Amino acid sequence: MELSDHSRVGVIGGGPAGSMTAYFLLDLAKSIHLDIDVDIFEPRDFSLTGPPGCNMCGGVISESLVQKLAISGIHLPNDVLMDTIDAYTLHTDHSNAQIRAHTEEMRIACIFRGGGPKGAETQKPLPWQAFDQFLLDLAQKRGANRIPKRVKTLDWDNGRPRVTWGEGQTQTYDLVVGAVGLNGSGLSLFEQMNFGYKPPRATKSYIAELYFGSEEVERRLGKSMHIFLLNIPGLKFLALTPKGPYATLVVLGEHVDKTMLDRIFRAPEMVQCLPPGWKIPVQTCHCQPKIHIGPPHQPFTDRVVLVGDCSSSRLFKDGIGASYKLAKACAYTAVVHGISKQAFQRFFVPTCRELDHDNLLGGIIFSLDHLMRPFSIMQEALLDCVRAEQNDPFSKKKLSTALWDTFTGSASYRTVIANTAHPDIIIKLLKAMLRQWLSRRKNR
Ligand SMILES: Cc1cc2nc3c(=O)[nH]c(=O)nc-3n(C[C@H](O)[C@H](O)[C@H](O)COP(=O)(O)OP(=O)(O)OC[C@H]3O[C@@H](n4cnc5c(N)ncnc54)[C@H](O)[C@@H]3O)c2cc1C
């Protein structure tokens with residue numbers, strides 16, 4: 001079961017996973033003189049501001065991903081890469097410490113997935129370009145045909161997947177790629193094909209674009225992403241990222257509600273990062289997208305494969321990097337090894353498994369962070385070690401690098417654990433905890 005000249009591929013979803021898969025399929029096919037037709041179904045207009053144009057995300061990508069994309073021929077222009085972040089500031093309930101990028105490759109880029117936050121349309125022309133629109137345009141330039149419609153049903157037509165959209169238009173494809181993310185009704189299309197697909201486990205999150213104005217963003221946040229390890233019940237992850245005149249707030253946790261947000265905005269370490277007297281406006285652009293937390297079941301069969309968030313991804317970070325990996329693996333398998341269930345099992349699944357297994361280790365790291373939060377002595381010892389490393393020009397900065405990689409996605413969770421489990425780091429942390437304990441006893 002292989003693609004041949006004039007084979008038809010339907011990609012459902014034109015987010016990063018769908019656009020990159022279409023791009024890599026056409027690119028690889030061209031390199032072996034294979035002439036295939038690729039349609040991408042994407043109803044969203046990414047040039048719109050606010051939720052209608054946006055595939056809801058924190059919008060942070062690592063410099064290493066920017067470079068990997070460039071090697072694959074995807075050069076992100078300056079108006080897509082809005083701001084560069086060269087530091088992470090870790091805040092606990094009591095203090096903070098900054099980790100600076102010590103190489104250019106460690107920096108982080110910020111993007112808007114769509115036209116920008118609701119209300120930004122008053123600035124014309126917009127000073128940034130939507131990341132998702134850029135990738136979709138690129139796939140179209142490579143030869144993909146965009147159909148700006150939502151797919152309504154998927155079924156089988158003599159063993160080939162058939163797509164129905166619009167007012168009952170249908171097309172039977174040789175291969176259908178599902179890249180529908182986690183937030184629409186697209187997942188059920190694939191469940192209803194009865195080949196055993198079950199969507200990944202997901203949980204709700206909260207994102208808000210807070211308007212401070214460029215000067216206040218620079219003054220309060222600088223070129224640093226701020227991560228808050230606060231002891232608020234149910235809070236798993238909290239970050240504030242500078243993005244032009246906005247600060248993007250990302251909250252992950254069980255039941256992010258008004259009570260939790262009130263506690264977040266009253267926390268002294270958060271107040272320091274907000275303009276004086278700032279109150280969350282009623283009209284703030286916000287959303288509650290689902291985030292990937294567990295693997296899918298059977299994301300492939302003969303002539304059908306799923307990529308991106310509706311397949312395997314990375315836990316709490318680098319979802320776009322994971323989409324890139326799966327898009328490449330999917331395109332390579334389909335063009336070089338075929339579109340049978342066996343081909344996907346053999347050549348696509350290993351990339352999914354690598355992500356799924358690494359997430360198990362990621363789960364351990366996030367659980368440890370969660371366990372540490374009520375024990376301020378451990379958190380303060382961690383920050384002491386980070387400060388000591390940052391102030392020592394000869395330090396190898398092992399702990400800082402491990403923390404940087406945990407938050408940016410620049411390295412796998414396996415690498416993070418391997419680097420942190422170093423005896424040097426463990427001894428330093430134990431000593432710092434002892435010092436914290438002694439100084440607290442003295443002050444009591
Ligand atoms: C709170 C939060 C913060 C995040 N922060 C980051 C971050 O900072 N960096 C990072 O790398 N990742 C981040 N992510 C993850 C990232 O958003 C996803 O990994 C990424 O969007 C996955 O891309 P995708 O193409 O698989 O899905 P999506 O981006 O969701 O795209 C799916 C597309 O499919 C289309 N679609 C759905 N159903 C249909 C249908 N029936 N017919 C046609 N089209 C359809 C949709 O319109 C959509 O455009 C974050 C996620 C969350 C929830």
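What follows is a short walk through the domains of this protein and the ligand they hold.

This is a predicted model, so local features need pLDDT of at least 70 and side-chain atom pairs pLDDT 80 or more, while totals for chains, interfaces and linings use all residues. Residues are numbered from 1 along each chain as its sequence is written, and side-chain values use heavy atoms, with hydrogens and water left out.

Let's start with the overall layout. The chain is assigned domain 1 (8-46 + 130-200 + 294-360), domain 2 (74-125 + 202-291) and domain 3 (375-443), with bounds from an automatic or database domain assignment. Between domain 1 and domain 2, 17 residues of the former are in contact with 16 of the latter (heavy atoms within 4.5 Å). About 1400 Å² is buried between these two domains, and carbon and sulfur atoms give 69% of that; buried area is the accessible area (1.4 Å probe) that two parts lose on being put together, summed over both. Phe131, Phe134 and Phe316 supply 41% of the area that domain 1 buries against domain 2, more than any other three residues.

Now to the ligand. Domain 1 and domain 2 both give residues to the shell around the ligand, so the ligand lies between them. Of the 37 residues around the ligand, Glu42, Asn55, Val60, Arg113 and Asp309 come nearest (a residue is near if one of its heavy atoms lies within 4 Å).

Oxygen atoms of the ligand also make polar contacts, pairs of N or O atoms within 3.5 Å. A polar side-chain atom of Asp309 lies 2.7 Å from one ligand oxygen, and a polar backbone atom of Ile320 is 2.9 Å from a ligand oxygen.

Conventions: A polar contact is a pair of N or O atoms within 3.5 Å; within protein, one must be able to donate a hydrogen and the other to accept it, and residues adjacent in sequence count only if both atoms are side-chain atoms.
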